[in-house]
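Got the viewer open and a coffee to hand? Let's take a walk through this one, selecting a few things at a time.

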Amino acid sequence: MNTDIYSESPVVHEPAFIDGHSVEIPILKILKQDGSIYKNAAMPNIDQELATKTYKTLAFHRVLDERMVAAQRQGRISFYMAALGEEAASVGGAAGLKDQDMIMAQYREQGALMFRGFSLENFMNQMFSNEKDLGKGRQMPIHYGSRELNYMTISSPLGTQIPQAAGYAYGQKMQGLDAVTICYFGEGAASEGDFHAGLNMAAVHQAPVIFFCRNNGYAISTPSEEQYVGNGIASRGVGYGMKTIRIDGNDILAVIAAVQLSREYAIKEGKPVLIEAMSYRLGAHSTSDDPSGYRTREEEAKWQEHDPILRMKNWMLAQGWWDEAQETALFEKLRDEVLAAVKVAEKIAKPPVEDLITDVYDQVPPLLQSQFDELKVHIKKYPQAYPFTAGRIK
Amino acid sequence: MAQMNLLQAINSALDTVMAENDRAVCFGEDVGHFGGVFRATSGLQEKYGKSRCFNTPLVEQGVIGFANGLAAQGSTAIAEIQFADYIFPAFDQIVNESAKFRYRSGNEFNVGKLTIRTPYGGGIAGGLYHSQSPEAYFAHTPGLKVVVPRNPYQAKGLLLASIRDDNPVIFFEPKRLYRASVGEVPAEDYELPLGKAEVVQKGSDITLLAWGAQVEIVEKAAALAAADGISCEIIDLRTILPWDIETVANSVTKTGRFVVSQEAPLTAGFASEIAATIQQECFLHLEAPIARVCGMDTPYPLALEKEYAADHLKIYEAIKNSMTY
Ligand SMILES: Cc1ncc(C[n+]2csc(CCOP(=O)(O)OP(=O)(O)O)c2C)c(N)n1
Ligand SMILES: [Mg+2]
């Protein structure tokens, strides 16, 4: 390859630097904010059924986020991360895939899991770290995962899922499955070494993975201008020799179209794709964050006008697939359901003390077992100090 | 003297250094305008400008690699890693580069002007990735110094000494105490020595050793033991590497009993290194086996954090066991 570049590059005899911004990258837009479609726009493959499911998932996402941010303020859960204003990226991503495709997310992509049908109870049990949580109450709220729904359990260290997605997709391809892996990450996480390692591994080894960057303008307080000076994240896909597309991340139809086409390409060619979805994190980074310390209300207000959910609603109304009465009824029902689910989940017991030592390995090693035996004796001696487990020690 | 919490004490130390040394630079993720997610670098960008206090891209290996280069060039590099749990992408830069810069070059080059600050430790409902105490990984690396303060006064004095020390230092900040620990801190410049432990409570029956946020837990256990008439000598190790064997050995020689406690898991933790050395130094004076009270050999959990932790009751039990051995 290097020799090809040596012998096949056009030759110049005066130094010719290529400008760092010389690659021009267009942005795909299909749906306007008022619900109309851009002239000559190429529509994704979407019928009323898929559209309705997608819209209902967006609505559920909005309501769950609203309620859980409030629940955190009331001290009912310890932590939460909303995806306000960028829900189309995760929901649209899942809508453009098949259920057998693997989703490896960062943390702000609960919408994809909602689309797959993770139950409200499962969301709640995870956030309340109770004994019914699939993750056994071990991780902070919003670190969901489900083998059944092909959604890899979230890991807090940023970027780690990116090279893993390359390996996962390589395995899918080797096995001859009709399945790809989608890998979500923020424009901040794209600075991590793992991003560069992952894209290059996928490109060189031809793994059918869809790298999906949610470029929402911020990594906690750091604006994207202080994150990179190149042409966004998309330009890097080109650098790794990968098919790349930039889209309007608040345009659900653009998201679905890009993911559908990427999936088709990844399966047919067995190669990776990079999608960069431009959006904005309208809410705080997490419930531990207050954006007023680093950005203006005017900036936020500007992005309020690009609400992806309202945009899809406008389209649904225009299609005649949705009406205001349905809208009111749906949101009312969702709010009631979420409130009721909170009340149930917070009453479910914490995980049993045995969950402390399982899954470190496939089997508990002897030293850990003896530490655990000592712990049980200790808890029985001081039951008042360990109220969640003392009553249940066998 | 002013009352400061641990964060304010850190901020005061950084301010002191940046004011006196215009080649001192503070950087890391969200460290600039925002002042860090815990606000330890609050106000520094306003005061010293964007070229001396800034946000970096989100890449720990970049932060520390950059810091190594900057320090090698002779500037004072003070890098922040947002959480100690996220220091591992920079492990290579720290273990293979920071620690070995001087040795491999015959001291043609060194990164003595590097300091890495990072919040560590549990007890804040942070689960696996906002709770770890990774000091032992770094203690296994000759060439590094590893420092952990227990309160605001210690934090300022030890951080100033760490920054000015001519070796790369990892400074672990007990984040559980960032706002919870408040005390008198001089506004002026002062240093506390590296490599020196401190006896924080004199006692005669048993020696208790800890560092960082765990010192407070050990003090609580000692108070329970005191009610039983047991006199505990409490030592704060302060510097993990190189550690003060003499102060600890002298105490154990006197008391004949020794409990060492750390937040991190038991196996291969720094408490194990201490136990081995003290056993060798004080063998003929020991009246009971050395006890290590540590986190369990599991990742740091969330819902069962209380059960997992080396709390004061577990330390108290270890004290009683040692006394009645
Ligand atoms: C390796 C690592 N470093 C730092 C952090 C702390 N951290 C959590 S989220 C975040 C910002 C991520 O920004 P981005 O990737 O843009 O995603 P967004 O939050 O905007 O969705 C940081 C710095 C982490 N979780 N992991
Ligand atoms: Mg972002």
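## Starting with the hollow spots

Counting those of 30 Å³ or more, the structure holds four cavities. Keep in mind as you click around that this is a predicted model.

Go to the largest cavity, which offers about 40 Å³ of space. To see its walls, select B:Tyr120, B:Ser133, B:Glu135, B:Trp211, B:Gln214, B:Ser261, B:Gln262 and B:Glu263. Which strand gives the most to this lining? Colour β13 of chain B, residues 258–265, and you have it: three of the lining residues come from there. Colour the lining by class next, and you should get two nonpolar, four polar and two charged residues.

## Out to an open pocket

Now for the second largest pocket, with about 820 Å³ of space. Its lining runs to 37 residues, so don't try to label them all; pick B:Gly123, B:Ala125, B:Tyr300, B:Glu305 and B:Lys306, the closest to the pocket's centre.

Next, show the helices of chain B that help build the wall. α8 (214–227), α11 (305–308) and α12 (312–323) each put at least two residues into the lining. The largest share belongs to α8(B), with four residues. By class, the wall of this pocket has 19 nonpolar, seven polar and eleven charged residues.

## Ligand 1, between the chains

Select ligand 1 and show both chains: the ligand lies between A and B. How many residues surround ligand 1? There are 22, and the closest are A:Tyr107, A:Arg108, A:Asn216, A:Tyr218 and B:Glu60. This shell divides into nine nonpolar, seven polar and six charged residues.

Zoom in on the oxygen atoms of ligand 1 and draw some distances:

- To a polar backbone atom of A:Tyr218, 2.7 Å from one ligand oxygen.
- To a polar side-chain atom of A:Glu187, 3.1 Å from a ligand oxygen.
- To a polar side-chain atom of A:His285, 3.4 Å from a ligand oxygen.

Switch on a surface here, too. On its own, ligand 1 would expose 580 Å², and the protein buries 96% of that.

## The magnesium ion

Stay with chain A and select ligand 2, the magnesium ion. Which residues coordinate the ion? Show A:Glu187 (OE), A:Asn216 (OD1) and A:Tyr218 (O), which sit at 2.0 to 2.3 Å from the metal. Along the sequence, these donors follow the spacing E-x28-N-x1-Y.

Switch to a cartoon view to follow the backbone around two of those donors. A:Glu187 is in the loop between β3 (181–186) and α7 (193–205) of chain A, while A:Asn216 is in the loop between β4 (209–215) and β5 (218–219) of that chain, so the pair ties together parts that are 29 residues apart in sequence. A:Glu187 is worth keeping on screen for a moment: it coordinates the magnesium ion and also has that side-chain contact with an oxygen of ligand 1.

## Two backbone stops before you go

In chain B, find the peptide bond joining B:Leu241 and B:Pro242. Is it cis or trans? It's cis, with omega at about -10 degrees. B:Pro242 sits in the loop between β12 (239–241) and α9 (245–255) of chain B.

Then hop back to chain A and select A:Ile142. This residue is not a glycine, yet its phi is positive, at about 75 degrees. You'll find A:Ile142 in the loop between α5 (120–127) and α6 (161–174) of chain A.

Notes. Residues are numbered from 1 along each chain as its sequence is written. Chains are lettered from A and ligands numbered from 1 in the order in which they are written. This is a predicted model: local features need pLDDT of at least 70, side-chain atom pairs count only at pLDDT 80 or more; totals for chains, interfaces and linings use all residues. Side-chain values use heavy atoms; hydrogens and water are left out. A residue is near a molecule or strand if one of its heavy atoms lies within 4 Å of it. A polar contact is a pair of N or O atoms within 3.5 Å; within protein, one must be able to donate a hydrogen and the other to accept it, and residues adjacent in sequence count only if both atoms are side-chain atoms. Accessible areas come from the Shrake-Rupley method with a 1.4 Å probe; for residues, only the protein chains shown count as cover. Ala, Val, Leu, Ile, Met, Phe, Trp, Tyr, Cys and Pro count as nonpolar, Asp, Glu, Lys and Arg as charged, and the others, Gly among them, as polar. On a 1 Å grid over the protein atoms alone, a cavity is a set of points where a 1.4 Å probe fits but cannot get out, and a pocket is an open set with protein on both sides within 12 Å along at least five of seven lines; lining residues have an atom within 4 Å of a point. Grid points are joined across faces, edges and corners, and a volume is the space filled by probe spheres set on the points. Donors are N, O and S atoms within 2.8 Å of the metal (3.2 Å for Na, K and Ca); water is not among the atoms, so sites may look incomplete.
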